[in-house]
Amino acid sequence: MRFISLVLAAAAVTVVVALSKVGSADSAHAVGLKSSQPLARSGQLQFVPNLGQWAGDSSAVRFVALGDTAAWLHDDGYTLRFERWSKEEKHNPVRKCSGAVVRSRFVGAATTCFTTGSEFATRHHFLKGPAEQHVCNVPSFETVTMMQVQPGIDVLFRPLPNEVNGEATKGPFEYDLLLAPGADLASFEVECDGVESLRIDDLGRLVAAVRTPEGERKLVQQAPIAWQVTAAGKQPIHVSFRLLGTMRYGFVAEQLDPTLQTVVDPGVVWGTHLGGGLTDRIHDMQWQPGSGVWVAGWTGSTDFPTTVGAYQTVGAADGMVAKLADDGQSLVFATYLGGGNSDQVRGIALASDLTATVVGFTNSTDFPVTPGAAQTVYAGGSSFVDIGDGFVSRISANGDSLLASTYLGGLFDDVAEDVELDPSGNAIVVGWTTSADLPIPAGGFQPALGGLFLAQSDGFVLGVSQNAETFSFGTYLGGQFSEQLLGVHRDSATGDLAVAGWSLGADYPTTPSVVRPSSGGDIDAILTRLTANTSNAVFSTYMGGVGEDAAQTVQFDTDGSVWIGGFTASSNYPTTLTAPQQSFAGTYDGFVTRISSLGQSLVFSTLLGGPGQDRVRDIDLAAPGMMIVGEAGDGFPLTVDAVQSQFAFGITDGFASLLTNNGSTLSWSSYFGGVGQDSLQAVDFADSGLAVIAGYTYSPDFPIAPSGLQPQLLGVEDGVVLQLDLLTDLGPAMEVEPVDVPTVELVASGDVDLIKFDLVNITDRDLAVDSVRVLITGAGATSQNVDSVRLLRVELDGTNMQLVGGPFTVSPGVDLQMPLVSVTLPARTSTRFVLTATVVAATDGSSVEVCAAIVDASSWQVHAIGFGGGPTVSISGPGRAIGPVYVLGGLAGDMDGSGTRTVLDVRLLATAVGSIDAINDTNGDGVLTPIDVNATVQAILGRGVIFSVPSQVVPGQWLLSRCLLPIDGSIQATLGGRALTLGRAGPRQVSLLVDLTQPLGLQELIILLAGEVVFAGFVEVL
């Protein structure tokens, strides 16, 4: 197996934005997309204006820099927020955030004028709070300039360089002071609020001491550089920081010529030892090949901090949905979803119209809901952890509007973990709750909470209408102790629902005759198959051993059996004989288990792990097998072609594995991780062999594809998205369908269509056609008579022609190898091509015949889009295409000029014997004789004549025979008993290809026409 990460680089979907009206240069800026605007690369620094997404006390914000640290630009400076988030606890998704806020003010400045550089096509949407506060289609820019901060001084904010002094840069942006002639650099001073002290170190860097809840940290700003523009070009001048107090600094420059323009570059802004930056985690992902990749999760709060200095809080994250372009290199949109407190998106599902339904939890009392929502009011959260309510929201395909949204919760804590859609777009939501008053409709399999409210949790399943106005069905699932449901999948054949998670109790509701009707001890994985309306359980079972076991994901197979994936600490977790790993190996092992459609038997089960902590987080089935992702420790089972064959010695690395042969073969397996904590949380696997995987990383050295555009960590924790190519051979992938009927046409000099054919991609993978080998043949088809051979790509109606190959020159009897440019066949499509040429009549007045053939499947060089040359492919069917025979001049035997040869021509020819003008030289001996007349007669009557063949031939070359054949005759030939490949048979020439493997020596050549021998002789193969 071969792997490749195709470009879907580390997707730092960190997006923080700005407030209130932009200055005069931007307030009227159109937000409509222009075709010339590029999308921002994944993780690329963007400056996003405030078009009203923040108001009130935050209205002084003009732009936000979307980099590795949250940064806001104001009329008089900027604000930076550095933060760290705690790890997610075992069964509680709410996390604590701590850090520091630093406000840098340009003393005496109060500009309201900003100008912007190049605009990106990427758009940002803020669906936060009540609908009247939503702000959508906010543009983003590559640079921002703050005008006239001091007389003659502008400040240009721009992206960081990749490295400074050989080290990767850290910080939100870089700024330059642009001094007009006569401007006073000494007048530019910066006051820092939120720092303990400032000092200048031995390297000339500005060092700020910052107080955080974890203690004092140091922020470092690189030493400045400066230059002036002279007639001789840029001339460097010495510049340095100067301290103006414990929290104020400025600049001093020696030998500055006040009559010249000056640029002062203070270096990276606050390159930090704090590890600052927003935290971003991808919890779920959906890939729609050809349309893009949707990722969902949460990001550190985009709200502007109103106080400076150290802070610590619980929650305060925003839900996030972002769309990456299909190649992963650019961000199409980022949408923030939530209210004034903490919000997280935990699951996402795409409808056929590409609207996204997302679920999660919120403790915001102003979470956006739509009119008529099933639950319009926040119901509450516990005083212990205050998770809050679940939610279900549907977002438009371009991310700019909330189509439907509702709370989903009771008096205490409720979390929606995963979502599936039925064909009508209605949502099936699973999660867990501590509320006895969750709005579950009557009629469910378990109508009430299984234990004490607040003291424990139950899983739940809930149907939510597409408009979020109705809870249509649902059930609790649980016993006296805690349960959580973490995954759901819908069987397309029956509509049944498979839900999976874990249970702490011994009384989870199971059904008789299942694989494991009772708990094996400790926490056990659980799997329940429900009818479509959740009124009955088809089966319900525990799964596990004596230790802790939990299912994280679930999926139906085509036969109705059900797969679950998760992790176990049980040394006796059940495995089957075909499992690639049957023995428990470490603290935790991942597992993948298949249970029969009625739950009565274990079809397959394997462990996946080493001596460390290994967990399966998601699985997905496709034609090539099953893709599995999660996180792993040292010693995880890998294959020899792993992309990363060594554990990176962080807390955990992400991993991706491929099981084939119904799970029995570990075909490919690799780590993905660095020195920090890494996990892959979601996978989408296509029948094409491409997979998209997503998760999060704390590692600055997380392995990103060589073509990835953001190879470094952008914050404390970033989401990552990668694409893998799991196939080396795609198999039969392209069909060749000729369009032309192979007729004979009389033409004059000019352009002709030699062949028309359709190329049909019969796979789910885009194909690239690299070249095609074409035979252009016929009596007199030389470079003097055939010119400018071209291959055109056209619409099926013949319009919109595009040159993809040529022009080329013809060599008689030699294949024309035609390299093609930009010939990509999208998955499951048909594309038409036309091979054209300019034909010219012979100068001596003799007849010329021109025809072409793409001989067979070996004529094509095709690969699937992927890493390097991509997977190899083969042609489905013969791969052959032929077109008409074009005749310039007379067609031998066509006495009446009808363009065909009939018995009438024989009669006319018989009366004209002896008349030289009426006879064609059919055998090419330069003499008109009765032989020519008789040959024409035979051809007209369907009894073609082969006059001569070469006496010698070389393997791999064409054998060209002079003949006179019927227009619609069927030709076969053998040489030494081996079949020869027919190129194209014209009325006066037939082309036969001698295979490269043809034995040498004198061999008998037999040519048959319509099954009758028309030639038998000997040819020497040299």
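Colleague: Where is the place of Ala351 in the chain?

Modeller: This is a predicted model, and strands give the landmarks here. Strand 30 covers 343-350, and strand 31 covers 356-362. The place of Ala351 is in the loop between strand 30 and strand 31.

Colleague: Does Ala351 count as buried or exposed, and why?

Modeller: A residue is buried when its relative accessible area is under 20%. The relative accessibility of Ala351 is 17%, so Ala351 counts as buried.

Colleague: What distance separates the C-alpha atoms of Ala351 and Ala427?

Modeller: Along the chain, Ala351 and Ala427 are 76 residues apart. In space, the separation of their C-alpha atoms is 9.9 Å.

Colleague: Among contacts between residues at least 6 apart in sequence, what percentage join residues at least 24 apart?

Modeller: The count covers contacts in the protein chain between residues at least 6 apart in sequence. Those joining residues at least 24 apart make up 68%.

Colleague: How many helices and how many strands are in the protein chain?

Modeller: The protein chain has 1022 residues, of which 59% count as buried. Its secondary structure comprises 75 strands and two helices.

Colleague: Which residues of helix 2 are buried, and which residue follows the helix?

Modeller: Helix 2 covers residues 930-940. Its buried residues are Asp932, Val933, Ala935, Thr936, Val937, Ala939 and Ile940. After helix 2 comes a residue with a positive phi, near 85°, and that residue is Gly942.

Colleague: Which strands are at the edges of the open sheet with the order 42-43-44-45?

Modeller: Four strands form this open sheet, and their pairing is antiparallel. From one strand to the next, the twist averages 20°. An edge strand here pairs on one side only, and the edge strands are strand 42 (549-556) and strand 45 (602-608).

Colleague: Which residue in strand 45 does Arg594 stand opposite?

Modeller: Strand 44 covers residues 589-595 and pairs with strand 45 in the antiparallel sense over six bridges. Opposite Arg594, in strand 45, stands Phe604.

Colleague: What share of the exposed area do carbon and sulfur atoms supply?

Modeller: The protein chain exposes about 36500 Å². Of that area, carbon and sulfur atoms supply 52%.

Colleague: What is the mean pLDDT of the protein chain, and over which residues is the pLDDT below 50?

Modeller: The mean pLDDT is 85, and 88% of the residues reach 70 or more. Over residues 1-35 the pLDDT is below 50, though this stretch has 167 contacts in the model beyond near neighbours in sequence. Another stretch below 50, with 17 such contacts, is residues 706-712.

Conventions
Residues are numbered from 1 along each chain as its sequence is written. This is a predicted model: local features need pLDDT of at least 70, side-chain atom pairs count only at pLDDT 80 or more; totals for chains, interfaces and linings use all residues. Side-chain values use heavy atoms; hydrogens and water are left out. pLDDT is the predictor's confidence in each residue, from 0 to 100. Contact means heavy atoms within 4.5 Å. Buried means under 20% relative accessible area, exposed over 50%, partly exposed in between (1.4 Å probe, protein chains only). Accessible areas come from the Shrake-Rupley method with a 1.4 Å probe; for residues, only the protein chains shown count as cover. Two strands pair if DSSP finds at least two bridges between them. Axes are lines fitted to C-alpha atoms, for helices over the stretch in contact, and angles run from 0 to 180 degrees between N-to-C directions.
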